[in-house]
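Please open the model in your viewer, with the sequence panel beside it, and keep a selection tool ready. The tour goes from the whole chain to a pair of helices, and then to a sheet and one residue within it.

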Amino acid sequence: MRNLRRLFLIVFAVSCLSFKVFSQNGSDTLTVHKDSIDISQKIEQLAKGVEALNKTIDITVSNVSIQEFVRSVANLSGLNINVSPELNFIVVNNFTKVRVADLLIFLCKQYNIEISIVGNIVDLYKTPKSPKPLRGVVEYNKSQDQINLDFQNIPLAIVTRQIVTETDKNVFAEPDIQNKLINIYLQKQSFISAMENLTKANNLELEKNDDGSFFIKDLPKLQNPITQQNNDSYGRQQNSSSVRKNTGSSTDKYDLNITKTGPKTFSISAVDAPLLDVIREVSKQCGINYFITGNNVEGTQSTKTQSQTYSSSSSNSTVTMTLTNVEYEDFLKGLLIGRELSYAKDDNIYIIGQKNLDKFNSTRIIKFENRPVDSSLISRLPTDIKGDLNLKEFSDLNSIIVTGSQEKIRFFENFCRLIDKSVPVIMIELIIIDVNKTITTATGIDAGLGAVPEKSTGQIFPGVDVKLSTKGINSLIQKFNGLGLANLGNVSKDFYLNIKALESDGVIKIRSTPILSTINGNIAKISIGSTEYYLEVNSNITAGQTSVVSENKTYKSLEAKLEILIKPFVSGDESITLDVSVSQSNFTPRIGDQKLLAPPGKVSRDFKSKIRVQNQDMVLLGGLEEISNKETSSGVPILQRIPILKWIFSSRSKEKKDTKLNIFIRPTIIG
């Protein structure tokens, strides 16, 4: 019975273990199966209900944005696709008879795009970046009890958890300081020393419990962390100073308090304190080597003691300031702004004196990363910024060579960094359509004496333009005589007769599609035109016994053209303001018999416009229309004005011309 009970327990234990293993394996298989439902399976599932995904299309693109590419796919397939504005890369592809579903799968995998499906709408968006976990570095050698720590702005809760995990020592903190950011870097310290330094460096307090665990808590409210830090780190130094000074018979008091707050930082409070006294006291507190040079610095008179030059303050050279946690060099920069003093650092010594000293002059090369350096850039810089600096362009390195005082060079360099920004590049696509319509009508009869064709020629369809010879005219007269209505004689041999009834209709459509590129705020220009010449003759007469006439012939040119000037400005929301100027001119016929001598006429059409469009939107600028009507006639006086008879006794010509110019503009920000 006892053996049976043991057997039952063994079988039960094995069954439980098998069930646990099976459950774990089943869970792993489910997880893998879940992860295997990738983008392709999502799209293939959708393709069963959306016919557009199963269509095959042909598409070839080169250097177009993903938005344009997907828009073309949607137009060809009829699929509803939305593209996130975050996707802004360029696509170069050539697909032939490709299924839309396969194309979307390729895009998602090739360019790391996420896809979501709502109904029959496909949404493409950028794969969100997973945030990096906040972690520091904890390396612990248990045998030697040495630990390395490196934490930069890591919450205390994460710091304690990571220390416990890596060292197997229990460390916990008060709930109120769990989110306090910890900064510490140390190597090869014992665990207890490392924990003490960690808490001390971050204004915390460490307490060790009887069970060997460590408890981190905040400092008591009555204790000043800065004072504690100064006492711990700088106990051997004088950490503050207060100065009250009397001069002459009158009392000239000033307050000057300096407190060190770190190895390189200090806080200062001054009220009507002499400038150079402030510099001297701060330098002493910070342990800075300094040298004040010159016999008269900012209205002060200097007295020499040993190897240094000290200055007694003047009443008109005082400062009032309050600064907290500043470094020495930043303190000097702010203190000397707007004064005739400057400083230079030679090894570990700060030299302070007049700006015009050679020691404070230097030459520096300021390199521009995004903006081209040329003479126009230097000329556009404000005079207050350039001051008395000597500027030279160095186009080979895209730099400016600056010579002058170090303080002014630093100010000038900071300004250059502000203007050295990446400038957008705009591609401007133009479609220029120029339509010319012409309708010409010519009617009438011409008769006279002159050169006569041997036989009648011309056309009678679709228009009438017939030239009758003398023989043809006489034959026509004989036919009228045969009717017995009248008896007309024959015409002379040099008599001619022309009959004309013509109408012509012509349409000329000219289309050009130039593409321009320019940077923001600069003009893009296109000009299309023609040139004609005329002869100008100048006659010079030299008086004397025999007058001498000399002629000077010069061919001069006239130009008619279509000129388009576009100046784009990109706003912060990527809308584009276009300043557009269009000018069109055409030649008119020359006047006079000697047409080579007469200059051609010229008519012009101009307009200017300023519009705002969104990136890649198209705008139409039209309405430059010219309509001209020309009508000429010649005939027998009085008779040419009588209805019906005027068609026999006159010759008329009528011309109607209509010219219209339309311009489509599409700007695109490409960089």
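Begin with the whole chain in a cartoon representation, where the secondary structure comes to 13 helices and 35 strands; please bear in mind throughout that this is a predicted model. If you colour by accessibility, 32% of the 671 residues of the chain count as buried. A contact map gives another view of the chain: among contacts with a separation of 6 or more, 61% are accounted for by residues 24 or more positions apart.

Next, select residues 66-77, which form helix α3, together with residues 100-110, which form helix α4. The axes of α3 and α4 are 12 Å apart, and the two helices pack at an angle of about 165°. Since an angle over 145 degrees counts as roughly antiparallel, α3 and α4 are therefore described as roughly antiparallel to each other. Turn the view until one helix lies in front of the other, and you will be looking at a left-handed crossing of α3 past α4. Now show side chains for the residues that make this contact, which are I66, F69, V70, V73 and S77 on α3, and V100, L103 and L107 on α4. By residue class, this contact of α3 with α4 divides into seven nonpolar residues, one polar residue and no charged ones.

Then move along the chain to an open sheet of four strands, whose order is β30-β31-β32-β33 and whose pairing is antiparallel. Select 524-542 for β30 and 601-614 for β33, the strands that stand at the edges; each has a single partner strand, so one side of each is left without a neighbour in the sheet. Looking across the sheet, you can follow a twist that averages 20° from one strand to the next.

Within this sheet, select β31, residues 548-570, and its neighbour β32, since these two strands pair in the antiparallel sense over nine bridges. To pick out a bridge for inspection, display L562 and its bridge partner in β32, Q584.

The last stop is S585, which lies in strand β32, residues 575-588. Is S585 buried or exposed? Its relative accessibility is 9%, and because buried means under 20%, S585 counts as buried. Finally, display the surroundings of S585: leaving aside its neighbours within four places in sequence, S585 is in contact with E559, A560 and K561, and also with K602, V603 and S604.

Methods: Residues are numbered from 1 along each chain as its sequence is written. This is a predicted model: local features need pLDDT of at least 70, side-chain atom pairs count only at pLDDT 80 or more; totals for chains, interfaces and linings use all residues. Side-chain values use heavy atoms; hydrogens and water are left out. Axes are lines fitted to C-alpha atoms, for helices over the stretch in contact, and angles run from 0 to 180 degrees between N-to-C directions. Angles under 35 degrees count as roughly parallel, over 145 as roughly antiparallel, 65 to 115 as roughly perpendicular and the rest as oblique. A crossing is left-handed if the near helix is turned anticlockwise from the far one by less than a right angle, and right-handed if clockwise. Contact means heavy atoms within 4.5 Å. Ala, Val, Leu, Ile, Met, Phe, Trp, Tyr, Cys and Pro count as nonpolar, Asp, Glu, Lys and Arg as charged, and the others, Gly among them, as polar. Buried means under 20% relative accessible area, exposed over 50%, partly exposed in between (1.4 Å probe, protein chains only). Two strands pair if DSSP finds at least two bridges between them.
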